[in-house]
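New to this one? Here's a friendly walk through a few of its local features, taken one at a time.

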Amino acid sequence: MGEEPERQTGSPSDPGRQMTAGDSLDGATLSEKLQLLRGEVDPTGRATGYLPGVERLGVEPLRFVDGPLGVVDGESTAFPATVALGASWDPELARRFGRALGRETRANGHDVVLAPGANLVRVPTCGRNFEYPGEDPHHAARLTAATVAGVEATGAGATLKHFVVNNQERNRDKLNVVVGERALRELYLPAFRAGVDAGASVVMTAYNRVGGHYASEHRRLLERVLRRRWGFDGVTVSDWWGTHDTVAAATAGLDVEMPGVSPVARRAPDSRLARLVETVGLSERLGLSVPLYWRVVDRLLAEDGQPEPYPPAVFDDRLRRAVDRGAVPETRVDKAARRVARLAADGRDSRRPSVDRDAHRRLAETVAVRGTVLLQNRGLLPLDGEQLAVLGPAADEAKVSGGGSAAVTPSTTVDPVTALRRTARVTFERGVPRATVGRSAPVWRRVGWDRHPETDIGAATRTAAAADAAVVVVEDDAGESADRSSLRLPGLQDRLVRAVAAANPQTVVVCRTSGPVAMPWRDDVAAIVQTWYPGQADGDALAAVLNGRDPGGRLPVTFGERFDSYPVRTDRQYPGVDGNVHYDEGVFVGYRGFDRDGLDPTFPFGHGLSYADFEYDEAVVTTGEEGLSVDITVRNVADRPGREVVQAYVVPPATEVPRPERELGWFRPVRLDGGASRRLTGSIPRRRLARFDTDDGWVVDSGQYEVLIGRSSRDARLSDTVRL
């Protein structure tokens, strides 16, 4: 197939957009153009990032807001985590979510939402796995593109982040990723490419280095790949405090530095303490080049993956001086400023749309239900008992989000205890206290104290023994800037599950976790339900599933028994050695690595059960110029409705170049009433049959290809073969 051609740039990546008055900066001074390339303090104190615009030229200010799980500004709809959306395997649902996110962004007075996250899950304990769609590039690309299209349809701008290979939080601001070109092309770039093709307005660079260069200074990735090869003509923006060198960033293709100011200055408009710190200016009085308060923050509070927010900017007077001495061409500044001006004018409407909060709440519940994965069910679910024991350290609170820039503040939440009490007699016991968690938590939780410090597993087991069934709600506490320490549930939660299961074999464990967790009690419990971080409708969605609403979720990540089951099991691969993390596994990430190593996962990629039963018939795979065509009949043989996700995996011919045993090529979610059937047709483009070769580009190997069609990467129901 050869190397892909470069696209022509100079127009927005969405060819349907029209050039506007904001594209013209004729007559702008250098100062005015530079004003568009560096964040400033938002006068309202509400935006995550703010560009002041240029009033004389009619360039309006731009407001960026955090929002992968909902708009992080005041009270907003708290949608389920991105990994839950990924678990739905439903691009149309992702598009609906994107539209809701875009409308709330604009309704809150912002122009650009800093979402979606398009990174793959490589390290199972990564602190931000809940913000990413999954471990497979095709699956992630489809969900990412749909989300972007939904956001952009509202007039808000979508931001693809974090470009690229930001697959761990530990030392993220310092580490250098050593990744092969083949893995980069086959795994880590496709979701970003799909988001660009869907019309994303902004691409945010990652904190880490790639091949020795910081992502915000990576000329090959920003100019050759993103601009020339993909045709992206939107705005590139740094992650917050993710810049290092003025000339390197400007000449590599970074348009905007964010936030451009220190955290104290950024908080000053709405914080008396921040204003006091600025007024006192203790660092300046003592002649310290690094602010004194940040020395204290770094020593006592900052996570190991938290970037150093000083000096506050590199696109300040240093960029002007670099232009004056010829180190940065002024034409580079012109291009960046024009892109920002176009973003400020393109599709923006000063009128704020109305938001149907009730409709968005219902959508949040729908995403949570369809993202819920029924991992195991030995006849317990749906529940039919009247007396329930609900147990767990935080079962009486909704699990809204993880920590960091995804933390949304909803106006209302529904917790599992409250929701289940609407349909059954519920006795609630905490059983164990919340676990001591990472440094991102409040100080009182770091030292082991909690609002509910009592530990009474005995009370929990007595309550469970007296009930028809027990529901144990367990959770982790992941977030930005740090990775989880292991796959184990924090604290004494595993002990609680074992004790409850011993007291009542009719036990269902509900896992509200950011990603895979170890399940040493798996054989002791009747059912396991994975709900991720379900958002504000947590309890309603859980109660609906436990009481019979068919869960639509399938795993977007592989669940392994322990960390060293995964392909990133050496120190070189994670967390890295001497500041370098080596992607030695190449393209064998997630289920690809489990297949290569001959390991059985606890639950495979794509796995998920239904309350209905499905049969597959008449699978036919045919070849064409564009690739493969797949036809399959799916039948619901149960007497109740159900949701199925039909998955097709491609087994390539044997070659001298190692290839994954199978790779996801196509999928389709479908709802069928009891007794109903449907003929489904899909296509697998030639690109998904290809491998990348550094000399020959994209290559489709000649030989026999088998297509496995089934319910997961390890559960093929039918197959067909073709020769290319």
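What follows covers a helix pair, a covered helix with the loops around it, some backbone details and a pocket. Keep in mind that this is a predicted model.

**A pair of helices**

Two packed helices are described by the angle between their axes and the distance between the axes. For helix 3 (residues 91-107) and helix 15 (residues 357-371), the angle is about 145° and the axes are 11 Å apart. The crossing is left-handed. On the helix 3 side, the contact is made by Leu93, Arg96, Phe97, Ala100 and Glu104, while helix 15 brings in Arg357, His360, Leu363, Thr366, Val367 and Arg370. Sorted by class, the residues of this contact come out as 5 nonpolar, 2 polar and 4 charged.

**A covered helix**

Helix 15 turns up again as one of the partners of helix 20. Helix 20 spans residues 538-546, and 9 of its 9 residues are buried. Among them are Asp538 and Asp540, along with Leu542, Val545 and Leu546. Besides helix 15, the buried residues pack against helix 16 (416-420), strand 13 (469-475), strand 14 (507-512) and strand 15 (527-530). Just after helix 20 comes Gly548, with a positive phi of about 130°.

**Backbone oddities in the loops**

Two residues other than glycine also take a positive phi: Trp532, near 60°, and Asp578, near 55°. Is each of them buried or exposed? Trp532, in the loop between strand 15 and helix 20, counts as buried because its relative accessibility is 0%. Asp578 sits in the loop between helix 20 and strand 16 (580-582), and counts as exposed because its relative accessibility is 75%.

There are cis peptide bonds to look at too:

| Cis peptide bond | Omega | Loop holding the proline |
|---|---|---|
| Leu381 to Pro382 | about 0° | between strand 10 (373-377) and strand 11 (387-391) |
| Tyr574 to Pro575 | near 5° | between helix 20 and strand 16 (580-582) |

So that loop between helix 20 and strand 16 is home to Pro575 as well as Asp578.

**The second largest pocket**

Last stop: a pocket. The second largest pocket holds about 580 Å³ of space. Its lining has 24 residues, and the closest to the centre are Glu186, Pro190, Arg687, Arg688 and Trp698. Which elements give two or more residues to the lining? They are helix 4 (137-152), helix 5 (181-188), helix 6 (190-197), helix 7 (219-229) and strand 20 (663-672). By class, the lining has 11 nonpolar, 1 polar and 12 charged residues.

Technical notes: Residues numbered from 1 in each chain as written. Predicted model: local features only at pLDDT ≥ 70, side-chain atom pairs only at ≥ 80, totals over all residues. Heavy atoms only, no water. Axes fitted to C-alpha atoms, helices over the stretch in contact; angles between N-to-C directions. Helix = DSSP H or I, 4+ residues; strand = E, 2+ residues; numbered from the N terminus. Left-handed = near helix turned anticlockwise from the far one by under 90°. Contact = heavy atoms within 4.5 Å. Nonpolar A, V, L, I, M, F, W, Y, C, P; charged D, E, K, R; others polar. 1 Å grid on protein atoms, 1.4 Å probe; cavity = no way out; pocket = protein on both sides within 12 Å on 5 of 7 lines; lining within 4 Å. Points joined across faces, edges and corners; volume = space filled by probe spheres on them. Buried < 20%, exposed > 50% of the residue type's maximum accessible area, 1.4 Å probe, protein only.
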